[in-house]
Amino acid sequence: MTGRHDDYSLTPVPAGERRSWPSVAVQRFGQVSSFQQFIVGAILGYGMTFWQAVLAITIGSVLLEVITVLLGIAGVREGLSTSVLARWAGFGRKGSALVGLLVAISLAGWFGVQNGIFAHGMHALGGAVPEWAWAVLGGVVITAITVYGFRLMAWTAYLTVPAFLLLAGYSIVDALSSRSFADLVSGPPPGPPLSLGAATTLVSGAFILGALMTPDMTRFNRTPGDVVKQTLISVTLGEYLIGLIGVLLAHATASSDIVGIITSSSGVLGTLVLATAILKINDWNLYSSSLGLVNVVDVLFGRKVARVRVVLVLGVLGTAASAFGIADDFAGFLTAVGVLTPPVAGVLIAEYFVVRRCRPVFDALREHGSVPGPHRDWVPSALISWALGTAGAVFFDFGIPAINSVIVAFVSYLAASRLFPARRRTQGGTGMLPLVGREELKREMDEGAVIVVDTMPVTYYEQEHLPGARNIPGFPYEQAAEFTDAHAPSVLPDKSAAVVVYCANTPCRNSEFVGARLVELGYTAVRKYREGIEDWVAAGYETETGPQTTARPAPVSGNRTE
């Protein structure tokens, strides 16, 4: 089960596993048209006129749609979850672990909190069953659904989303049966006034974490167009349809207690469907939390733990917290942690769509179907932008904090990329490494002025390599950085020496990953012989066979043309 239901937690979702856009859209709609949106709408309606609420929802949801679409497009193009995408889109390998940890803590916490809300509601409906028992039941059901992954979660959405919409329709008809729609639309708010700034903050803040986890879902889409369609439909209808129904219900009942409104109007059926709606959003809380934690374990501990096992652990912990009644104690902490979420989106969008240093890595990933080793563990500009974005949300007294945070992080990252650019593209170079031609390389080799590094797997190196070449394997790509870190000190003890890396031919990427890692380790004169050993042999120059005389890396299986 662990392999079958892993849902490509660390690798791209292949084309054959992508889904039709309605199957993803219904889950997206289930995530947005949730119980939470009902609550937001009721709060807006209690403190604003109908048209003021429309304006607040418009401002908040349009800004969210832009962020959601951009992150969703990155997800569908690369087929990667948010935390894995962050490895190359701005944050670096260990920086992505921080992103994954943020997502894991936040969403696992909300899983426990919302499971507690479910248990409380079901206990109120039938007091004979204790609240802790409902918490265990709800936690077990959601954990089981999430274990089976995206496919079963889609079928859950097919059942719960229509039921939730029917409930919403029934509730509004029942509440408005004795009230004039025109009076509700034109009437004053029943409660204390709520400012436009506070209202838009409520709208955007309620869904910013959902926007950040968008790639977790859209990696199962087939085209960017699918992402745009499902976002426009789900966010627009979710925010407006469910949100404005909440506004009207608050006006009709002069209350912001959406649970009391719906249960009083719909009785047992309303309570059951509300509980189902909570369960629907909670499976994605647990699912995305597990993806984030899988990335954390892989990066920090070098272990590829199965997503299913992580789901089971998080599900047990969240269920236990809600059963013992302590999950609600974390709500304030989770809200405070939530301020760290928006700037992550700003950095991801800035790197992926504007700075674009990550694109060659993603191109290689799509071409070869395996995750390449990261170029950097930490990206200081991303961490600084993250901190500045958080500060912008906390200290700015104008605008919408969540949006301020995204903008500040976005602008900060762009500014940092201009002030501290990556190694400039050299004449005929790759953007990371200067190139050297065959004749120039041979002359330097004859003069003993250069150290040549073959980046093919050991078996191929021993079959044939350039005279005097040393070996640091660069394949599999996901281990290139690990091999370079382990063997560079013995193979290349002098970081100031002139080094040339090569592999099989021009399409081969081994030398690119090894060379880039050498630069990061502090080697100051690294170049690349792009055409590789095939070009060398075609020119009639001699080669050697056998193992190298310096410390020898561990054998690695691979294909020569990789």
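Guide: Two strands pair if DSSP finds at least two bridges between them. Helices (H or I, at least four residues) and strands (E, at least two) are DSSP runs, numbered from the N terminus. Before we start: this is a predicted model, where local features need pLDDT of at least 70 and side-chain atom pairs count only at pLDDT 80 or more, while totals for chains, interfaces and linings use all residues. Residues are numbered from 1 along each chain as its sequence is written, and side-chain values use heavy atoms, with hydrogens and water left out.

Visitor: OK, so how do you know that β1 pairs with β2?

Guide: Two bridges join β1 (residues 451-454) to β2, and the two run parallel. The cut-off is at least two bridges, so they count as paired. One bridge partnership is valine 453 with arginine 470 in β2.

Visitor: And what makes β1 and β3 a pair?

Guide: Four bridges, again parallel, link β1 to β3 (residues 499-502). Here valine 452 sits opposite valine 500 of β3.

Visitor: What makes β2 and β4 the edges of the sheet?

Guide: The order is β2-β1-β3-β4, four strands in an open sheet with parallel pairing. β2 (470-471) and β4 (526-529) each have a single partner strand, so one side of each lacks a neighbour in the sheet.

Visitor: Which way do the residues of β1 point?

Guide: Ile451 and Val453 go one way, Val452 and Asp454 the other, and all are buried. In a regular strand the side chains alternate between the two faces of the sheet.

Visitor: Why is aspartate 7 called buried?

Guide: Buried means under 20% relative accessible area, exposed over 50%, and partly exposed in between (1.4 Å probe, protein chains only). Aspartate 7 comes in at 13%, so it is buried. This residue lies in the segment before α1 (21-32), and its phi is positive, about 60°, although it is not a glycine.

Visitor: Then why does arginine 356 count as partly exposed?

Guide: Arginine 356 has 41% relative accessibility, so it falls between the two cut-offs. You'll find it in the loop between α15 (342-355) and α16 (359-368). Its phi is near 65°, another positive value in a residue other than glycine.

Visitor: How do you classify alanine 198, and on what value?

Guide: Its relative accessible area is 35%, so alanine 198 is partly exposed. Alanine 198 belongs to helix α9 (residues 196-212). Its C-alpha is 9.6 Å from that of proline 401, 203 residues apart along the chain.

Visitor: What makes cysteine 503 and cysteine 508 a disulfide?

Guide: A disulfide is a pair of cysteine sulfur atoms within 2.5 Å. These two sulfur atoms are 2.4 Å apart, so the pair qualifies. A search of the whole structure finds one disulfide. Cysteine 503 and cysteine 508 are both buried.

Visitor: Is that disulfide left-handed or right-handed, and why?

Guide: The torsion about the S-S bond of cysteine 503 and cysteine 508 is about -135°, so it's left-handed.

Visitor: What lines the second largest cavity?

Guide: A cavity is a set of points on a 1 Å grid over the protein atoms alone where a 1.4 Å probe fits but cannot get out, and lining residues have an atom within 4 Å of a point. Here the lining is Ser81, Thr82, Ser83, Val103, Met213, Asp216, Ser288, Leu291 and Gly292. α12 (258-301) and α4 (82-91) supply at least two each, and α12 has the largest share, three residues.

Visitor: How many of the lining residues fall in each class?

Guide: Three are nonpolar, five polar and one charged. Ala, Val, Leu, Ile, Met, Phe, Trp, Tyr, Cys and Pro count as nonpolar, Asp, Glu, Lys and Arg as charged, and the others, Gly among them, as polar.

Visitor: How do you know that helix α6 reaches close to its expected span?

Guide: The expected span is 1.5 Å times one less than the number of residues. Helix α6 (residues 131-147) has 17 residues and reaches 24 Å from first C-alpha to last, close to the 24 Å expected. Its buried residues include Trp134, Ile142 and Val147. After α6 comes glycine 149, with a positive phi near 85°.

Note on methods:
1 Å grid on protein atoms, 1.4 Å probe; cavity = no way out; pocket = protein on both sides within 12 Å on 5 of 7 lines; lining within 4 Å.
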